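Here are a few exercises to work through with the model open beside you. Try each task before reading its solution.

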Amino acid sequence: MIVGPAAGHFLRVVAGPLLAALALTAIVLLLLGVDPAAYFRQVVQRGLLSPSGLQAAITRTAPLLFIAASLILAFRAGIWNLGGDGQYLLGAVVAAALAAPLAQALPLWLAWLACFAAAAAIGAAWSVLPAWLRAFRGVNEVVSSLMMSFLGLSLANVLIKFVFQDPGTTVPQTVTLPVADRLPRLLGGALPTGVLLGLLAVLMVHWVMTRTAFGTRLRIVGLNARAAAHAGLDVPGLTLAVFALSAGLAGLAGAVDVLGVQGNVRADWNPAYGLMVVPLVFLARFNGFGAIVFVFAFSVLSVGGESAARRLGVPNYVTLMIVAILLAGLAAGEVLDQRAARRRDAARAAGGEAAR
Amino acid sequence: MTDLLTPAFATALLAGAITAGVPLLLAGLGEQMSQKAGVLNIGLEGMMLAGAYAAFVAAHGAGPWAGFAAGMLAGMAVAAVMAVMSVRFGLNQIVTGIALLLGVEGVTAILHHLKFATTYPRLSPVASWPLPGLAELPVAGPALFDRPAIVYGAIALVAAMAWIYRRTYFGLALQAAGERPSALDAAGGDVVRTRAAAVLAAGACAGLGGAFMSVVAAGIFVPFMTNGAGFIAIVLAMLARGRPLMVLCGALLFGACLSAATALQVAGVDAPVDIVQMLPFAAVLLVLALFGQGGALPAALGEAWRRGDPLGK
Amino acid sequence: MSAAPFVSLEGLTRSFAGVRALDGVDVAFHAGEVHVLLGENGAGKSTLAAILAGVQQPDAGTVRIDGTLRSLSSPREAMARGIGVVFQHPRFVPSLSLADNVALGGGPWWRRPLPAEIARRMREAERRIGATAPLDPLAKAGSLSQGELQRAQIVRALMRDSRLLVLDEPTSMLTPEEAADLVALMRRLADDPDRPMAIVFVTHKLDEALDCGDRITVLRRGRKAGELRPGADMPREAARRALLAMMFSGAAALAPRPSTGVLPDAGREILRIEGLVAPPLDGIYLSVRAGEIVGVAGIDGNGQRELAEALAGQRAMVAGDIRLDGLPLGPLGVAARFRRGLRYASDDRLGEGAVGALPIALNLLLKRIGAAPFWRRGVARRVAMDAHARAMIAAFDIRAPGPHTLAAHLSGGNLQKVILARELETGARAIVFAKPTHGLDIVSAAACRERIRAAARSGLAVLLISTDLDEIVELADRVVVMSRGRIVARVAGGEGAREAVGRAISRGERRAEAQA
């Protein structure tokens with residue numbers, strides 16, 4: 001044994017797969033005729049080391065953090081809420097529609113609060129049907145929440161084009177919130193409010209799920225629904241609650257994105273954060289701190305990747321591919337680690353016997 | 001409203017339903033087999049997209065039949081990754097599928113950018129095989145019986161799938177792998193091989209469906225062109241309760257809804273595309289809400305299997 | 001029978017998570033012989049059967065078939081080598097017909113025979129075992145009884161030309177009469193003049209072993225404790241004593257201690273069930289007094305689980321009345337009944353009794369999530385939880401590294417202790433034990449039985465559901481027998497109870513079959 005079990009574990013689960021994935025990415029970049037060293041230098045430079053790039057990467061985490069919170073809550077409770085994209089976009093549209101008029105009529109903080117509440121409410125409302133079907137009819141929520149998501153994307157477009165369209169422009173989009181009325185940046189501009197709220201949301205969800213009675217009940221339902229029924233928990237009620245909270249957080253993600261960054265929503269705009277964050281949260285093993293790290297790393301990669309794409313003339317989609325390769329690498333690492341653990345168990349069993 | 005009853009509108013609607021429905025049908029049949037075997041194949045969309053791109057490239061160089069073959073192979077290549085990760089190694093099926101989808105989206109978009117970003121070539125229309133006699137019928141003739149051969153092939157696949165499920169050992173093994181893999185194992189079957197075969201078949205079908213989209217329906221490849229069709233196909237498979245014929249019905253219904261906007265334009269009605277696009281999803285959710293019951297899906301759907309699992313599922 | 005063995009195992013070793021389930025076992029199986037593998041729970045019998053079935057792989061040791069070295073790497077491989085297995089829990093697909101289940105896994109992928117052809121082959125195999133009532137090939141496997149599923153497994157093994165048949169605890173789910181039929185069937189297959197089979201009969205019941213074994217191999221804690229050929233030259237009592245000595249190394253021969261049959265000075269009634277209807281339960285009347293153990297006997301699947309669930313509040317009641325200390329429980333839910341003192345220790349320990357991925361500390365509080373002093377205003381107080389868990393670990397002798405050990409990492413016996421600790425904790429008035437010692441090793445089982453006795457002594461009303469007749473007779477003051485959702489017999493404990501209960505079970509089965 002050259003390396004201890006802890007070091008071996010780190011090698012197998014994090015460092016090894018990461019290096020392998022980067023090497024694979026480099027090969028692909030070479031095949032595309034791009035200098036991998038230049039590409040990665042650009043990503044790190046523009047995504048992490050340059051002040052403006054870092055700023056952009058941090059800003060981008062805001063909606064992703066809310067979605068991560070939404071998914072951690074649902075997944076820990078054993079609910080596959082894959083309707084995040086629809087819930088997000090509806091939240092964004094509702095917040096965008098309300099923000100400009102409310103900002104005129106109300107104190108700014110109250111207008112923001114009202115937008116948050118409305119976005120959370122529409123998100124939650126959009127989850128009622130899948131939640132009800134799952135809780136009382138036993139219908140698999142993967143499909144129903146995906147369907148609601150598609151329906152929500154179309155509905156968001158309808159709302160933008162026919163209800164909330166900015167009368168001042170021919171482009172189908174909502175009224176743009178003046179920059180002065182958007183969420184402020186804290187700490188001298190370094191920390192957007194949305195990011196702070198997103199961090200709070202993730203940490204809050206993490207705390208609720210690990211430290212409170214409510215979270216413990218949700219985890220029991222998620223880990224073993226039969227044990228939950230045996231222990232007298234209200235499984236349908238908890239299912240409805242999980243869906244409402246998770247979808248509400250996804251709706252908030254939309255509101256934060258609109259109030260903090262976008263200012264409006266254009267028709268046919270769908271950043272599809274939901275599906276992107278699912279694997280990140282999964283790799284973090286539903287741990288809030290891990291999710292924050294992964295979300296930030298993803299932001300750096302995507303901001304730096306966009307810059308590198310512009311500079312080196314490769315398409316922007318390289319980021320997507322790198323994320324997929326990294327995911328595959330980390331997943332493979334986990335498989336290897338499980339196998340090593342099983343071998344260790346077997347060896348320990350044999351060794352223990354021999355010693356006796 | 002009398003405009004809507006013209007033969008031109010009916011033909012456009014029917015033809016559009018077929019054109020939009022065949023990819024859904026192919027991918028849905030594939031997904032159905034995969035789900036029967038207990039694998040929820042969320043990466044279906046990625047397999048379609050890979051098929052669409054590979055088929056476009058091959059058809060561009062060597063004609064539509066090479067395109068279809070390339071599409072199937074590309075879909076199977078993506079499916080092979082899925083099979084290794086989620087069937088052989090037991091990684092979570094949903095997460096594996098999503099990761100694959102993201103990867104394929106990235107790769108196809110890059111390749112398309114590098115190869116065709118400046119030229120944007122178009123394929124010439126695929127020759128149709130008019131069925132003698134039937135093709136001359138009014139309305140139904142041009143819409144149903146004067147189509148490329150692959151359309152007839154897709155419909156024949158419905159019967160082939162039904163035959164596999166009812167008349168072969170493989171069909172039996174599929175059902176056991178999805179309901180109770182340990183029973184298949186104890187009976188001398190091979191759970192991993194059965195599930196892997198089902199996933200590969202799903203990849204081939206989805207790849208062919210993607211090939212149809214780029215080669216026959218559009219004549220061009222656009223990044224992300226599948227645009228949710230794979231997810232619709234997953235839903236079709238889930239609602240079909242294991243019956244291939246139900247996938248056909250669902251695919252035509254969805255296809256009609258997807259193409260209704262175009263057909264309405266033919267009839268001179270300018271209906272908002274977004275509202276028309278909501279129809280199929282709303283219809284499915286309505287069906288789920290009214291008649292949806294659990295238990296129609298295989299008991300072990302989505303669960304990794306390993307021999308000697310203490311719970312013995 | 002001195003010919004070369006069909007299958008011989010040498011030095012077979014297999015460990016699970018640090019425990020040696022099998023440790024250098026040598027054993028050989030001959031055609032024409034019924035070979036009994038005898039041992040307590042945890043002795044390694046089932047592991048050996050699983051290795052023969054190809055379900056598990058040995059860590060060390062060799063398998064020879066007809067003298068040739070073979071590796072049984074999968075059930076398919078084992079089957080192809082002529083080994084057929086009757087699993088204790090039949091592995092059939094419930095939604096498929098019997099014919100489809102029997103056909104499953106056979107033949108090349110495309111060439112599937114028609115159901116009629118499969119049915120014909122099934123009838124052929126059934127003639128070979130002399131079955132009187134043929135199985136219905138078109139019936140869904142999910143609708144068949146345990147006995148029928150067992151027969152179907154035998155039929156399938158014969159259709160695949162098995163030369164060795166392993167039966168893993170085949171009598172545990174059968175009535176005494178069905179068990180006798182099964183023993184005759186094994187004899188018939190072994191003595192078949194054309195195709196004599198090798199039979200491996202796995203059991204923990206000594207008398208069964210003596211009744212039908214040509215050769216008996218005793219396993220103890222993973223090792224071979226000895227082998228015996230009870231022939232005519234050996235008196236039954238001598239053989240019995242020899243086997244007992246091998247099973248328990250003489251010292252710990254735990255002869256069942258029949259209960260006295262005298263009611264403990266008739267405590268007052270605690271639990272009263274009147275006319276309980278909750279399908280498939282069909283009118284249950286039962287009363288349990290303080291300090292009394294009432295056994296519920298019967299073949300598995302006759303409503304015992306549903307009775308326990310209806311009492312615990314997990315199953316809706318259609319009609320009837322359940323009273324605890326004279327107060328109707330009526331619409332109260334699980335949590336409220338638990339607080340009132342009605343407890344239920346489920347037999348499905350990791351399926352519903354505990355959450356494997358949660359630590360012991362939380363599993364001990366599973367039915368009191370959010371209660372003071374472990375949570376304050378909904379926030380967990382870890383110090384209080386850990387202290388509680390440590391106290392319970394000490395009081396119930398739970399062998400675990402600490403309160404944070406995950407339930408999934410506990411042995412069956414220790415997990416059962418966690419569940420008992422939770423259910424017996426302060427405020428218990430009446431408790432339902434469902435198959436409390438099922439799957440436990442002998443030491444844990446004995447400890448568990450002692451807990452049940454202690455619970456009754458402390459004044460609890462105890463309902464003991466078990467399919468193990470010996471256990472019921474040993475513990476219960478009164479026994480009721482269930483069949484098809486009804487109580488069909490009531491028997492006082494003590495002398496002669498075993499026979500009376502056994503007769504009642506058989507009678508109930510026959511009546512149920514006649515109705516069907």
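**Exercise 1. A charged pair between chains A and C**

Keep in mind throughout that this is a predicted model. Find the partner of R226(A) in chain C and say what kind of link the two make.

*Solution.*
Step 1: Start at R226(A) and look across to chain C; the residue to pick is D348(C).
Step 2: Check the distance. The closest N and O atoms are 2.8 Å apart, and the cut-off for a salt bridge is 4 Å, so the pair qualifies.
Step 3: Put the pair in context. Chains A and C share two salt bridges, along with eight residue pairs in polar contact, counted with both residues at pLDDT 80 or more.
Step 4: Ask where chain A's side comes from. Helices α8 (193–211), α9 (213–223), α10 (225–230) and α14 (318–355) of chain A each give two or more residues to the side that touches chain C, and α9(A) gives the most, with six.
Step 5: Sort that side by residue class: nine nonpolar, six polar and five charged.

**Exercise 2. Two interfaces of chain A**

Describe the contact of chain A with chain C, then the one with chain B, by residues and by buried area.

*Solution.*
Step 1: Take A with C. The contact draws 20 residues from chain A and 30 from chain C, and about 2,100 Å² is buried, with carbon and sulfur atoms giving 59%.
Step 2: Take A with B. Here each chain puts in 44 residues, and about 3,900 Å² is buried, 81% of it on carbon and sulfur atoms.
Step 3: Look for the big contributors on chain A's side. R137(A), M147(A) and Y317(A) lose the most area to chain B, together 16% of what that side buries.
Step 4: Turn to charges. There is one salt bridge between chains A and B: K161(A) meets D274(B), 2.5 Å from N to O. Four residue pairs are in polar contact across this interface, both residues at pLDDT 80 or more.
Step 5: Trace the elements. On chain A, α6 (128–137), α7 (141–163), α12 (273–283) and α14 each supply at least two residues to the side facing chain B; α7(A) has the largest share, 14 residues.
Step 6: Sort this side too: 32 nonpolar, seven polar and five charged.

**Exercise 3. A sheet in chain C and its helices**

Work out the strand order of the six-stranded open sheet in chain C, then place two helices against the sheet.

*Solution.*
Step 1: Read across the sheet: β16-β19-β20-β13-β21-β22, with mixed pairing.
Step 2: Mark the edges, β16 (342–345) and β22 (486–492) of chain C, which each pair on one side only. From strand to strand the twist averages 20°.
Step 3: Zoom in on β19 (430–434) and β20 (461–465) of chain C, which run parallel over five bridges. In β20(C), I465(C) is the bridge partner of A434(C).
Step 4: Add helix α9 (304–312) of chain C. This helix lies across β13 (293–297), β16, β19, β20 and β21 (478–483), at about 145° to β16(C).
Step 5: Add helix α14 (412–424) of chain C, which touches β16 and β19 and makes about 175° with β16(C).

**Exercise 4. A long-range link**

How many residues separate E169(C) from K45(C), and where does each sit?

*Solution.*
Step 1: Confirm the link: their side chains meet in a salt bridge, 3.6 Å from N to O.
Step 2: Locate the ends. E169(C) is in the loop between β7 (164–168) and α6 (176–191) of chain C, while K45(C) is in helix α1 (45–53) of chain C.
Step 3: The two are 124 residues apart, so the pair links distant parts of the chain.

Technical notes
Residues are numbered from 1 along each chain as its sequence is written. Chains are lettered from A and ligands numbered from 1 in the order in which they are written. This is a predicted model: local features need pLDDT of at least 70, side-chain atom pairs count only at pLDDT 80 or more; totals for chains, interfaces and linings use all residues. Side-chain values use heavy atoms; hydrogens and water are left out. Contact means heavy atoms within 4.5 Å. Buried area is the accessible area (1.4 Å probe) that two parts lose on being put together, summed over both. A polar contact is a pair of N or O atoms within 3.5 Å; within protein, one must be able to donate a hydrogen and the other to accept it, and residues adjacent in sequence count only if both atoms are side-chain atoms. Helices (H or I, at least four residues) and strands (E, at least two) are DSSP runs, numbered from the N terminus. Ala, Val, Leu, Ile, Met, Phe, Trp, Tyr, Cys and Pro count as nonpolar, Asp, Glu, Lys and Arg as charged, and the others, Gly among them, as polar. Two strands pair if DSSP finds at least two bridges between them. Axes are lines fitted to C-alpha atoms, for helices over the stretch in contact, and angles run from 0 to 180 degrees between N-to-C directions.
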